[in-house]
Amino acid sequence: MGPATFPHDLVQAQRDWFAACEALAAPRPHATAALRRRLMRLSARAWGHPFWSSGRGRSPAARVELRRLVRSQQREGAGTP
């Protein structure tokens with residue numbers, strides 16, 4: 001499955017989900033209740049996305065590929081090889 005197969009809004013939701021997780025995992029995070037609520041909303045948005053009921057999204061490997069795609073984009077954006 002290539003990177004172009006995922007809808008932009010689904011990729012963005014996964015990217016935001018990772019960011020919320022990282023913020024929550026930071027030492028002494030602020031507004032943990034708000035971060036947890038944001039994480040729940042993003043989870044619902046990402047995993048309830050219509051893409052998963054399409055033919056391309058039915059495979060469990062598609063969810064793994066989405067996470068890999070977003071992580072690789074984050075590494076490229078941070079300048080890490």
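**View 1. Arg-28, an exposed residue of the predicted model, in the loop between α1 and α2**. In this predicted model, Arg-28 has a relative accessibility of 76%, and because exposure is assigned to values over 50%, the residue counts as exposed. Arg-28 is placed in the loop that runs between α1, spanning 8-25, and α2, spanning 32-47. The backbone of Arg-28 has a phi near 50°, which is a positive value in a residue other than glycine.

**View 2. Ala-31, in the loop between α1 and α2**. Ala-31 is found in the loop between α1 and α2, and its phi is near 55°, again a positive value in a residue other than glycine. The relative accessible area of Ala-31 is 52%, and since the exposed class begins over 50%, this residue is exposed. The loop between α1 and α2 therefore holds both Arg-28, which is exposed, and Ala-31, which is exposed.

**View 3. Asp-16, a buried residue of helix α1**. Asp-16 belongs to helix α1, and its relative accessibility is 19%, so that, with the limit for burial set at under 20%, the residue counts as buried. The side chain of Asp-16 is joined to the side chain of Gln-12 by a polar contact of 2.8 Å. When residues up to four places away in sequence are left out of the count, Asp-16 touches Arg-38 and Leu-42.

**View 4. The whole chain, as the setting for the close-up views**. The chain contains three helices and zero strands, and reading along the sequence gives the pattern α-α-α. Its C-alpha atoms fill a box of roughly 40 × 30 × 20 Å, taken along the principal axes. Of the 81 residues of the chain, 25% count as buried, and Asp-16 of helix α1 is one residue that counts as buried. Among contacts in the chain with a separation of 6 or more, 65% are accounted for by residues 24 or more positions apart.

**View 5. Surface and charges of the chain**. The accessible surface of the chain comes to about 5,300 Å², and carbon and sulfur atoms contribute 58% of this area. The chain carries 14 positive and 5 negative charges, and the mean positions of these two sets are 8 Å apart.

Definitions and conventions: Residues are numbered from 1 along each chain as its sequence is written. This is a predicted model: local features need pLDDT of at least 70, side-chain atom pairs count only at pLDDT 80 or more; totals for chains, interfaces and linings use all residues. Side-chain values use heavy atoms; hydrogens and water are left out. Helices (H or I, at least four residues) and strands (E, at least two) are DSSP runs, numbered from the N terminus. Buried means under 20% relative accessible area, exposed over 50%, partly exposed in between (1.4 Å probe, protein chains only). Contact means heavy atoms within 4.5 Å. Accessible areas come from the Shrake-Rupley method with a 1.4 Å probe; for residues, only the protein chains shown count as cover. Lys and Arg count as positive and Asp and Glu as negative; His and the chain ends are not counted. The place of a charge is taken as NZ of Lys, CZ of Arg, CG of Asp or CD of Glu. A polar contact is a pair of N or O atoms within 3.5 Å; within protein, one must be able to donate a hydrogen and the other to accept it, and residues adjacent in sequence count only if both atoms are side-chain atoms.
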